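Biologist: I am new to this structure and would like to learn how to read it. Could we go through it one feature at a time?

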Amino acid sequence: MSRLKQGVLLSGKSKSTGKRVTNDSPSLPSSRLAARCAETAHQAFLEYQARFNAITQRARELFLARDWVGSFKDAAERLHCYNDVLDDLTGRIKDLMGAQLKEHRAWAETKLAYSSLIARSSAWEIAETFFNSLTRRVFATDGVDQAIEFVDTEFDAPPLPTQVDLPRIYRGRSLPNLLLTALTDSFTENCWSDLRATVESAAARIEESSGKDIARLELEIVPSVFYRGRGAYFIGRVLSGDELPLPIVLCLQHENERGITLDAVLSGDVDLAILFSFTRSYFRVATECPYALVRYLRQLMPRKHLIDLYNAIGFHRHGKTEFYRDFIAHLRTSTDRFVHAEGVPGMVMFVFTLPSYDVVFKLIKDRFDFPKDITREKVMQSYRLVFEHDRAGRLVEAHEFEHLRIARDRFDPALVDELLRDASSIVKIDRDDVLIAHAYVERRIRPLNLFFKQCDPDAAAAAGRDYGQSIKDLAASNIFPGDLLTKNFGVTRHGRVVFYDYDELCFLTDCKFRDLPVATTPEEEMAAEPWFSVRQNDIFPEEFLQFLSLPDAARAALLEYHGELFRPDFWRAMQQRISNGEVPEIFPYRPERRLAEA
Ligand SMILES: Nc1ncnc2c1ncn2[C@@H]1O[C@H](COP(=O)(O)OP(=O)(O)OP(=O)(O)O)[C@@H](O)[C@H]1O
Ligand SMILES: [Mg+2]
């Protein structure tokens, strides 16, 4: 241990002064240099884990104190731990390696030494990704290189889970009793309001959704509580004899001093998938072995990709590694070609997809079509804002990838020509490959304008209603989408309407919602263009509807349930609530799942 500490001190920034400590022996033999670099990287990884865990652990206190502002702040802060530690580490490694910085051999040896240091970690897959992030900062590698990165993992056996990560089993009593024990294992009974009565209704709900009396049963619950926004969640499943296990979530709220309430019960993989959606921010949940927790979650939600589950528990960088491995494996076993994404082509983004794989690749074009007058930097800023902000179940997560290398023959030839024409600053051809310097990767969903063209009136009404709810949820999280046209929204496989076009997105509190001035002369009345002055952030909700092309059923549902969206006072009131520091609740489950709705 002390040797490791010394390694860091010699090679990195002095903690007290923040100044760089110079390398004491710049021409170390390569194996010693590799050992020292590996130790330094390993120490940095441990530091990242410590910071990440400290924030994660705080979630419980914040929930108990009902400190929602603190909760959102911590969620945002945790996103930065990784890069903050890596920035520092990159500087240390540059100092240590000196002239050898770009030598593959030095890196291959460092990787080997690092591998042995992380071998006993219960989070070695996260540690591998951490090392990859370091090498990619130094090499800006086009494609990937197994000699200096963990393209594939180097471990054969999975890490061993600890008690924290293994679900606890409760058996032998009635379901309400088992629920009571599981819940009070984490929060003693005096933290709760009316727990005994609500576990009865929760048990009735679970029995109802399993469709039978559950006589012989076991309750399996992950001991770590999942925290996000204003909610806390217990996750597990009900096992009963030979029946298929029923995944469940017990959803907690803490709205007043009377104590925690059991607000809702979710059951079945669809409910769980909505809770774990790629349109939500990450949970804070204590885990020592992310591998084990993610594999358990996958048993509950078999359709989820590993990337989604690692993201959901806060390991988004490793989520990208899993995505990349899966994507490469898919390319090896498929033969179809990349084509344009369906729908109205973007004026800002060039969007393409592989039909057999459910993501889209979005590249910022070199030039934007009229009337877009923003810059590449501003577009990237908006995507960054979405990454850091509460996505409220309505903003599709966009993962940033750099230096992708894909075989050219997998592209439709016309698509390659267009890419080179519209995004030449970030797309190059290198022999038989297409190199993409920068792309966002998002889950592919059905654009709402196309959905409306093909759906029946009932589905149109449901989507019209959820489109309105989606705009309201975004508003409650202080987001105004900028462009409300249906081509910018999509429908998920669970029928939820979500938004994916971020270049005009802004904070609600930065907008000015104005009443439409009343014309006082016939000329004003007849004018094709506005006759009153309009500033950049001025928005006229009364005009929204005239730009929207919606099927009749969708329009009727939108007006019936969300007519206030077309009135400026709704928007101004929402701005007021946000400015007053209110954090409006956006439930990640359907209202009928709430126990109070019973
Ligand atoms: N996640 C997605 N799933 C499916 N299709 C998508 C997705 N994101 C974008 N698309 C398709 O690509 C098109 C352009 O994407 P997007 O709206 O993000 O680009 P843009 O350039 O910002 O658009 P605009 O010109 O409206 O500002 C969309 O209209 C849609 O058809
Ligand atoms: Mg668009």
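Modeller: We can start with a loop residue, keeping in mind that this is a predicted model. Val-344 sits in the loop between strand 7 (339–340) and strand 8.

Biologist: Which residues does Val-344 touch, leaving aside those up to four places away in sequence?

Modeller: Val-344 touches Asn-449 and Lys-487. A second way to read such a place is to set distance in sequence beside distance in space. Val-344 and Asn-488 are 144 residues apart in sequence, while their C-alpha atoms are 9.0 Å apart.

Biologist: Asn-488 has come up, and I see a magnesium ion. Which protein atoms are the donors of the magnesium ion (ligand 2)?

Modeller: For a metal, one lists the donor atoms and then asks where their residues sit. The protein donors here are OD1 of Asn-488 and OD of Asp-501, lying 2.1 to 2.3 Å from the ion. The pair links distant parts of the chain, 13 residues apart. Asn-488 is in the loop between strand 14 (479–480) and strand 15 (489–491), and Asp-501 is in the loop between strand 16 (497–499) and strand 17 (506–507).

Biologist: Is Asn-488 buried or exposed?

Modeller: Asn-488 counts as buried because its relative accessibility is 4%, below the 20% cut-off. Asp-501 has a relative accessible area of 16%, so Asp-501 is buried as well.

Biologist: Next is ligand 1. How many residues surround it, and which are the closest?

Modeller: A ligand site is read from its shell of residues. Ligand 1 is surrounded by 21 residues, the closest being Val-348, Met-349, Lys-372, Asp-501 and Asp-503. Asp-501 is also one of the donors of the magnesium ion.

Biologist: Which strands each supply at least two residues of the shell around ligand 1?

Modeller: Strand 8 (349–353), strand 9 (359–364) and strand 12 (433–443) do. By type, the shell divides into nine nonpolar, three polar and nine charged residues.

Biologist: What polar contacts do side chains make with oxygen atoms of ligand 1?

Modeller: Here one looks for N or O atoms of side chains and reads the distance. For Lys-362, an N or O atom of the side chain is 2.8 Å from an oxygen of ligand 1. For Lys-372, a polar side-chain atom lies 2.7 Å from a ligand oxygen. For Asp-503, the distance from a side-chain N or O atom to an oxygen of ligand 1 is 2.6 Å. Ligand 1 exposes 620 Å² when taken alone, and the protein buries 98% of that.

Biologist: Now the backbone. What is the general expectation for phi and for peptide bonds?

Modeller: Most residues other than glycine have a negative phi, and most peptide bonds are trans. The bond from Phe-370 to Pro-371 is cis, with omega near 5°. Pro-371 lies in the loop between strand 9 and helix 12 (376–388).

Biologist: Where is Arg-66 found, and what is its phi?

Modeller: Arg-66 is in the loop between helix 2 (30–64) and helix 3 (68–97), and its phi is positive, near 55°. Arg-66 counts as partly exposed because its relative accessibility is 30%. Ala-392 also has a positive phi, near 55°. Ala-392 is located in the loop between helix 12 and strand 10 (399–407). With a relative accessible area of 3%, Ala-392 is buried.

Biologist: Ser-477 is one I would like to place. Which residues does Ser-477 touch, beyond those up to four places away in sequence?

Modeller: Ser-477 touches His-389, Asp-390, Ala-392 and Ile-586. Ser-477 is in the loop between helix 15 (457–476) and strand 14, and is buried, with 7% relative accessible area. Its side chain also reaches the backbone oxygen of Leu-474, at 2.9 Å.

Biologist: What does the side chain of Ser-267 join in a polar contact?

Modeller: The side chain of Ser-267 joins that of Ser-209, with a polar contact of 3.0 Å. Ser-267 belongs to strand 6 (residues 261–267) and is buried at 17% relative accessible area. Apart from residues up to four places away, Ser-267 touches Ser-209, Leu-246, Pro-247 and Ile-248.

Biologist: Last, a helix residue. Where is Leu-180 found?

Modeller: Leu-180 is in helix 6 (residues 175–186). With a relative accessible area of 10%, Leu-180 is buried. Setting aside residues up to four places away in sequence, Leu-180 touches Leu-195, Arg-196 and Val-199. The C-alpha atoms of Leu-180 and Glu-200 are separated by 9.2 Å, with their positions 20 residues apart along the chain.

Technical notes: Residues are numbered from 1 along each chain as its sequence is written. Chains are lettered from A and ligands numbered from 1 in the order in which they are written. This is a predicted model: local features need pLDDT of at least 70, side-chain atom pairs count only at pLDDT 80 or more; totals for chains, interfaces and linings use all residues. Side-chain values use heavy atoms; hydrogens and water are left out. Helices (H or I, at least four residues) and strands (E, at least two) are DSSP runs, numbered from the N terminus. Buried means under 20% relative accessible area, exposed over 50%, partly exposed in between (1.4 Å probe, protein chains only). Contact means heavy atoms within 4.5 Å. Donors are N, O and S atoms within 2.8 Å of the metal (3.2 Å for Na, K and Ca); water is not among the atoms, so sites may look incomplete. A polar contact is a pair of N or O atoms within 3.5 Å; within protein, one must be able to donate a hydrogen and the other to accept it, and residues adjacent in sequence count only if both atoms are side-chain atoms. A residue is near a molecule or strand if one of its heavy atoms lies within 4 Å of it. Accessible areas come from the Shrake-Rupley method with a 1.4 Å probe; for residues, only the protein chains shown count as cover. Ala, Val, Leu, Ile, Met, Phe, Trp, Tyr, Cys and Pro count as nonpolar, Asp, Glu, Lys and Arg as charged, and the others, Gly among them, as polar.
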